[in-house]
Amino acid sequence: MGESKTLPKYFCRNCENPLALGEESHLQKICDFYGASGAAFMFSHAMNVVVGPKIGRKLLTGSYVVADVMCSKCGEKLGWKYVETFNLKQRYKEGMFVIEKLKLTKKY
């Protein structure tokens, strides 16, 4: 049988730049994370993004060091990357990307 390729499934709504692969969406339910514009997905990997400088930010689940994430093609702010947490129960988030649903388009 042929080799299956994983293709990008999530794209920037503004410019259609590919951002994440299809199998990434299983990580968290969409309603588990919220950004400035509402519901968001959490991904272990993101592509074609620019990660901004680290900043301290108080979020719903505690204090974190995060970095804003922007589309590398159009500059649209998409969400953030968790850099560091000070709560042991939240450590699984370190290195993860949160991208707001309204900033994405999904292609099958």
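**Pocket**

I started with the largest pocket, which holds about 180 Å³ of space. The model is a predicted one. I then looked up what lines this pocket. The lining has 10 residues, and Phe33, Tyr34, Leu60, Thr61 and Tyr82 are the closest to the pocket centre. Two elements each give two or more residues to the lining: strand S3 (33-35) and strand S7 (77-85). I sorted the lining by class. Seven of its residues are nonpolar, two are charged and one is polar.

**Fold**

Next I listed the secondary structure. I found nine strands and zero helices. Along the sequence the pattern reads β-β-β-β-β-β-β-β-β. I also checked how far apart the contacting residues sit in sequence. Of the contacts between residues at least 6 apart, 45% join residues at least 24 apart.

**Burial and surface**

The protein has 108 residues, and 37% of them are buried. I noted an exposed area of about 6,600 Å² for the protein. Carbon and sulfur atoms supply 55% of that area.

**Cores**

I went on to the nonpolar cores. The largest has 14 residues. Those with the most contacts inside this core are Tyr10, Cys12, Leu19, Phe43, Val49, Leu78 and Leu104. I traced the core back to the strands. Strand S1 (8-12), strand S2 (18-21), strand S4 (38-43), strand S6 (62-71) and strand S8 (97-100) each give two or more residues to it. Apart from this core lies another, of nine residues. Met42, Tyr64, Tyr82 and Val98 are among them. I had already met Tyr82 in the pocket lining.

**Leu78**

I picked Leu78 for a closer look. Which residues does Leu78 touch, not counting those up to four places away in sequence? I read off Cys12, Leu19 and Val49, then Val69, Met70 and Cys71, and finally Val98, Ile99, Glu100 and Lys103. Of these, Cys12, Leu19 and Val49 are listed with Leu78 among the residues with the most contacts inside the largest core. Val98 is listed in the other core.

**Asn17**

My last entry is Asn17, in the loop between S1 and S2. Is Asn17 buried or exposed? Its relative accessibility is 10%. The cut-off for buried is under 20%, so Asn17 counts as buried. I then listed its contacts, leaving aside neighbours within four places in sequence. Asn17 is in contact with Tyr10, Phe11 and Cys12. Asn48 is another contact of Asn17, as are Cys71, Ser72 and Lys73. Tyr10 and Cys12 are also on the list of residues with the most contacts inside the largest core.

How values were computed:
Residues numbered from 1 in each chain as written. Predicted model: local features only at pLDDT ≥ 70, side-chain atom pairs only at ≥ 80, totals over all residues. Heavy atoms only, no water. Core = buried A, V, L, I, M, F, W, Y, C linked by side-chain atoms within 4.5 Å. Buried < 20%, exposed > 50% of the residue type's maximum accessible area, 1.4 Å probe, protein only. Helix = DSSP H or I, 4+ residues; strand = E, 2+ residues; numbered from the N terminus. Contact = heavy atoms within 4.5 Å. 1 Å grid on protein atoms, 1.4 Å probe; cavity = no way out; pocket = protein on both sides within 12 Å on 5 of 7 lines; lining within 4 Å. Points joined across faces, edges and corners; volume = space filled by probe spheres on them. Nonpolar A, V, L, I, M, F, W, Y, C, P; charged D, E, K, R; others polar. Areas by Shrake-Rupley, 256 points an atom, 1.4 Å probe, with all protein chains shown as cover.
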